[in-house]
Amino acid sequence: MNRVHRNCAMGMLALLMGTGAAQAAEIEVSDARLRLLPGDLPGAGYFVLHNNSDDIVTLSGAESAAFESVEMHVSMEQDGMAKMHSIDGVDVPAGEQFAFAPSGHHLMFMQRTQSLSVGDEVEVVLDFEGEESLSVSFEVVSPVSQ
Amino acid sequence: MMKWLLPLCASVWLAGCSDQNWRTKDISEVMPALDFELIDEHGKPVDEEAYFGKTTLLYFGYTHCPDVCPTTLARLAKATRQLDDEVRDKVQVLFVSVDPARDTPEVLAQYTDVFGPQFIGLSGEASDLDALANRFRISYGYGEEDAEGNYDVNHSSAVFAFNPAGEARLLIRDNDPLEAVVSDIDRLVAKG
């Protein structure tokens with residue numbers, strides 16, 4: 001079918017699937033953990049994003065009530081120097097998964113609004129371009145537990 | 001002919017100098033001994049002699065580093081946990097913060113406690129940090145501050161290992177396999 005008909009069909013399908021659901025069924029997140037440092041130091045968020053849909057999915061940001069701001073960053077090593085920079089989005093092709101993992105992509109959680117301890121669960125909302133946001137429970141872990 | 005003779009001689013000489021039984025990089029012939037004047041986690045001025053007597057692992061970073069520094073320090077914690085107790089007791093990790101503006105002695109003490117009792121935080125004046133960084137040919141730099149005053153710090157990703165006399169021995173990198181790191185630390189404690 002042509003693109004207009006396909007978009008209409010997809011739109012109707014999305015409506016039918018229900019907007020009240022907390023989870024976008026075609027996008028799943030596993031292994032979500034928030035690595036906590038003491039005091040008010042920034043935390044790092046790691047997870048695996050599974051794109052089970054037939055289309056590319058773009059993760060565009062994240063928020064959490066437990067922190068003033070959450071950014072997406074990628075760490076890299078260049079000439080023996082560790083650097084990182086913030087990024088606006090991550091594309092995950094259809095049918096693939098993408099891992100936010102130590103020394104690579106990570107969420108950076110800054111300025112906590114509440115005290116946190118290892119073992120807590122923190123709700124993080126992941127935003128996607130043109131898709132419903134996904135609320136994910138991140139387990140708070142210590143850097144030495146991995 | 002002279003153009004390749006010198007590099008050829010240099011690489012043969014260097015190959016002969018390095019101990020082939022180390023699995024991480026042997027720097028004993030190319031890096032100087034430990035020498036610094038910094039401030040410890042109690043706010044006390046210390047120099048390298050305060051840390052003689054144990055095998056020392058030296059890493060440069062900053063506590064507001066969410067990803068690389070905790071990952072590297074956690075890896076060192078994991079490596080030292082795999083050593084026998086009496087070997088682990090002879091190892092210390094000096095975490096030198098190149099961000100003294102935010103990393104006060106109190107912040108450093110709280111931070112290093114997360115990784116283990118053998119982790120010690122140090123920082124100091126910019127000129128003293130520069131002297132130590134230059135000595136080991138590493139660099140660091142500050143990124144732009146955002147509206148909330150947050151900024152990143154670029155820093156070397158290397159871990160330097162010294163014997164109990166403060167002599168440089170090894171360079172440990174992120175991509176060295178964990179069991180190579182454990183094996184070398186064990187060997188360094190035994191051998192010096």
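## Exercises on strand β4 of chain B

In this predicted model, Leu58(B) stands opposite Leu94(B), a residue of strand β5(B).

**Exercise 1.** Determine which strands pair with β4(B), and in which sense each of them runs.

*Solution.* Begin with the strand that holds Leu94(B), namely β5(B); this strand, residues 91-97, pairs with β4(B) in the parallel sense over 7 bridges. Next, turn to β9(B), residues 159-162, which runs antiparallel to β4(B) and is joined to it by 4 bridges. Within that second pairing, Thr56(B) has Phe162(B) of β9(B) as its bridge partner.

**Exercise 2.** Decide whether β4(B) is enclosed or open, and describe how its side chains are directed.

*Solution.* Take the burial count, where a residue is buried if 20 or more other C-beta atoms lie within 10 Å of its own. In β4(B), residues 55-61, 7 of the 7 residues are buried, so the strand is largely enclosed by the rest of the structure. Then separate the two directions: Thr55(B), Leu57(B), Tyr59(B) and Gly61(B) point one way, whereas Thr56(B), Leu58(B) and Phe60(B) point the other way, and all are buried.

**Exercise 3.** Assess how compact chain B is for its length.

*Solution.* First list the elements of the chain, which has 6 helices and 10 strands. The radius of gyration is 17 Å, close to the 16 Å that the globule rule gives for 192 residues, so chain B is as compact as a globular protein of that length. Along its principal axes, the C-alpha trace spans about 60 × 45 × 30 Å. Finally, consider the interior: buried residues make up 41% of the 192 residues, and among contacts with a separation of 6 or more, 71% come from residues 24 or more positions apart.

How values were computed:
Residues are numbered from 1 along each chain as its sequence is written. Chains are lettered from A and ligands numbered from 1 in the order in which they are written. This is a predicted model: local features need pLDDT of at least 70, side-chain atom pairs count only at pLDDT 80 or more; totals for chains, interfaces and linings use all residues. The radius of gyration is taken over C-alpha atoms; the globule rule is 2.2 Å times the number of residues to the power 0.38. A residue is buried if 20 or more other C-beta atoms lie within 10 Å of its own, exposed if 12 or fewer, and partly exposed in between; C-beta atoms are placed from the backbone. Two residues are in contact if their C-beta atoms, placed from the backbone, lie within 7 Å. Two strands pair if DSSP finds at least two bridges between them.
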